[in-house]
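Fresh page, fresh structure. I'm jotting down what I look up as I go, one stop at a time.

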Amino acid sequence: MRIARIAAIDVDPQRTFTPDCPDELPVPEGNQLGSALNAQAALADVRVLTKDAHPANAVWVVDDAADMLQPLSYKNADLTWVKHAVPGTKGFETIDDLPPVTEYDYVVWKGVEPDLHPYGACFHDIEEKLSTGLIEWLHSQEVETVIVGGLATDYCVKTTAIQLKKRGQFDVIVNLAACRGIHPQTVAAACDEMLDEGIKLVDSQLALGCL
Ligand code: VGL
């Protein structure tokens with residue numbers, strides 16, 4: 001008998017998306033997800049970490065938060081954002097209670113090039129031509145089901161989950177108990193979009209336990 005394998009994916013659980021970094025992209029309660037991410041990983045056979053890793057001089061950087069979310073004409077950087085998740089700074093660090101990076105089974109660093117700002121962890125580019133190898137690696141591990149949590153629900157969690165479903169053909173479960181979002185409106189729209197794609201949304205560890 002072949003038993004389907006499960007992967008847990010920790011999407012960008014970094015201080016840049018928490019109140020620890022008020023000048024970056026603070027998400028309320030973003031730093032309180034460590035135990036929920038560890039609990040979903042305990043149900044999985046393999047654990048993946050994704051991290052934003054952005055240069056300080058990226059083309060999409062604006063100094064003032066009031067200038068964010070402006071559309072850009074670059075192919076692979078669609079909106080302006082404030083500087084965030086710069087390697088070597090506090091914002092790049094993972095949130096409390098997570099294992100060291102070397103204990104994960106696969107790690108994806110996103111947006112390392114100054115003219116790329118992908119949201120999903122499966123492709124380096126918004127056009128989705130250049131694979132990060134995540135889908136291929138999960139297939140090599142005979143993974144069929146993927147549990148996704150992390151930051152932020154409305155951007156990188158959503159895009160990663162949709163890529164895994166559409167391009168990877170996995171059964172995808174987004175564990176909302178292990179996610180937080182930037183804006184309530186975009187979170188609601190993201191949840192609708194994920195449901196439309198056939199992604200399952202659960203909001204408790206108990207529901208996940210039924211796997
Ligand atoms: C993210 C906005 C900008 C995310 C990253 O990780 O969800 N959101 N960059």
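Entry 1, a loop with a twist in its backbone. I started at A152, which sits in the loop between β8 and α3. This is a predicted model, so everything here is read from a prediction. I checked the peptide bond from L151 to A152, and it is cis, with omega near -10 degrees. That made me look twice, because most peptide bonds are trans.

Entry 2, the ligand. Which residues surround the ligand? I found D12, F17, L25, D52, W81, L151, A152, Y155 and C156. So both partners of the cis bond, L151 and A152, turn up in that shell. I sorted the shell by class and got 7 nonpolar residues, 2 charged ones and no polar ones.

Entry 3, the sheet. I traced an open sheet of 6 strands, all in parallel pairing, and wrote down the order β7-β2-β1-β8-β9-β10. The edges are β7 (106-110) and β10 (200-202), each of which pairs on one side only. From one strand to the next, I get an average twist of 20 degrees.

Then I looked at one pair inside it. Strand β1 (residues 5-11) runs parallel to strand β8 (residues 143-151), and 7 bridges link them. I picked I9 and followed its bridge to V148 in β8.

What packs on this sheet? I noted helix α3 (residues 153-166), which touches β1, β2 (46-52), β8 and β9 (171-180). Its direction makes about 165 degrees with that of β9.

Entry 4, R47. I went to strand β2 next, where R47 has its place. Is R47 buried or exposed? I counted 23 C-beta neighbours inside 10 Å, and the cut-off for buried is 20 or more, so R47 counts as buried. Leaving out residues up to four places away in sequence, I list A8, A41, Y104 and D105 as its contacts. I also checked R47 against W137: they are 90 residues apart along the chain, and their C-alpha atoms are separated by 12 Å.

Entry 5, two positive phi values. Most residues other than glycine have a negative phi, so I went looking for exceptions.

L69 is one of them: its phi is positive, about 65 degrees, and it is not a glycine. I placed L69 in the loop between β3 (61-62) and β4 (71-74). It counts as partly exposed because it has 14 C-beta neighbours inside 10 Å.

E142 is another, with a positive phi near 60 degrees. I found E142 in the loop between α2 (134-140) and β8. How exposed or buried is E142? I count 12 other C-beta atoms within 10 Å, so E142 is exposed.

Entry 6, a hairpin. I followed the chain into β4, which is joined to β5 by a hairpin through 2 residues. β4 and strand β5 (residues 77-79) run antiparallel, with 2 bridges between them. For a single pair, I noted P71 standing opposite L79 in β5.

Entry 7, the record. I looked up UniProt last, and an unreviewed entry there lists residues 11-204 as "domain: Isochorismatase-like". Over that stretch, residues 11-204, I read 22% helix and 24% strand. The C-alpha atoms at its two ends are 18 Å apart.

Methods
Residues are numbered from 1 along each chain as its sequence is written. This is a predicted model: local features need pLDDT of at least 70, side-chain atom pairs count only at pLDDT 80 or more; totals for chains, interfaces and linings use all residues. Two strands pair if DSSP finds at least two bridges between them. Axes are lines fitted to C-alpha atoms, for helices over the stretch in contact, and angles run from 0 to 180 degrees between N-to-C directions. Two residues are in contact if their C-beta atoms, placed from the backbone, lie within 7 Å. A residue is near a molecule or strand if its C-beta atom, placed from the backbone, lies within 6 Å of it. Ala, Val, Leu, Ile, Met, Phe, Trp, Tyr, Cys and Pro count as nonpolar, Asp, Glu, Lys and Arg as charged, and the others, Gly among them, as polar. UniProt positions are given in the numbering used here, feature names are shortened, and annotations may be inferred rather than shown by experiment.
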